[in-house]
Amino acid sequence: MFSGLLKSLLMASFLSSLSAHAFDVTYTSQAPVIDGAQEAVWQQASWHDMPYLMDGTLPEKADFTGRYRLLWDESYLYLQAEITDDVLIDTHADPLERYWDDDALEVFVDGDASGGIHQFNHSALAYHIGLDNQAADIGDDEKAHLYNDHINSRWKRQLDAPNTILWEVAIKRYPNDYTDTAPKAPIPLESGDVMGFMLAYCDNDGSEVREHFMGSHDFAAQNGSKNLGFITADVFGKITLKK
């Protein structure tokens, strides 16, 4: 029997799909270099903000602001995030220990925009990318694993604004039946494909737990919580790949 939370999430699925933030992503014939540096290729992509509080308290702008843009080619979905964070913290040396309580970029991807519960399966993924550029998520054995072969991540401080970092990630797409014991090959991206997507940032300024969790998409709280992306892909937005 479903828990009360899962019942609420399933009942909200249809409304979420209607209200989810959706936009087109431009194809690039020149793959961006994943190095945290500005490149002309990114000028063809539009910026999107990350203004929505998902957990914790709303930060001051000097503490956190964020925006991002996307491109794609047949091999990768490319992400460039511009993050202003006045304190960068990676307290837990083990990348599988409380990775959500360190500063981290969290990338939510649903390869076919099918939605649904994904907390303990890989019909969607929630990559928590730490400052060491390693990506953690919960596996189908209900334990944390690293998925570093799924992504390529680099970030760099900006010389003209030292509290601002440019974080770039190349993300592969995987099928819904991907498992940790029998992993499948990534799926090529094609024009017209629709994917589920959301971006968030875990911000810790020196506490035992993160103070702020900011996201790119807004949706209705369920049982008083908006910290839902790691549970259900129904709260993701949708992107359409355009060539």
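Okay, quick definition to start: two strands pair if DSSP finds at least two bridges between them, and strands here are DSSP runs of E, at least two residues long, numbered from the N terminus. By that rule, β8 pairs with β9 (residues 144-146) in the antiparallel sense, over 3 bridges.

Before I go on: this is a predicted model, so local features need pLDDT of at least 70 and side-chain atom pairs count only at pLDDT 80 or more, while totals for chains, interfaces and linings use all residues. Residues are numbered from 1 along each chain as its sequence is written, and side-chain values use heavy atoms, with hydrogens and water left out.

Back to β8. Ile-138 has Ala-144 in β9 as its bridge partner, and in the hairpin between these strands, with 5 residues in between, Glu-142 takes a positive phi near 65°. On the other side of the story, β7 and β8 run antiparallel with 2 bridges, and His-128 is bridged to Ala-136. That hairpin has 4 residues between the strands, and Asn-133 takes a positive phi near 65°.

So which way do the β8 side chains point? Ala-135 and Asp-137 go one way, Ala-136 and Ile-138 the other, and all are buried, meaning under 20% relative accessible area with a 1.4 Å probe, protein chains only.

Now the core, meaning buried Ala, Val, Leu, Ile, Met, Phe, Trp, Tyr and Cys joined through side-chain atoms within 4.5 Å. The largest one has 36 residues, with Leu-105 and Tyr-127 among those with the most contacts inside. Elements giving it two or more residues include β6 and β7. There's also a second, separate core of 14 residues, including Phe-213.

Definitions and conventions
Buried < 20%, exposed > 50% of the residue type's maximum accessible area, 1.4 Å probe, protein only.
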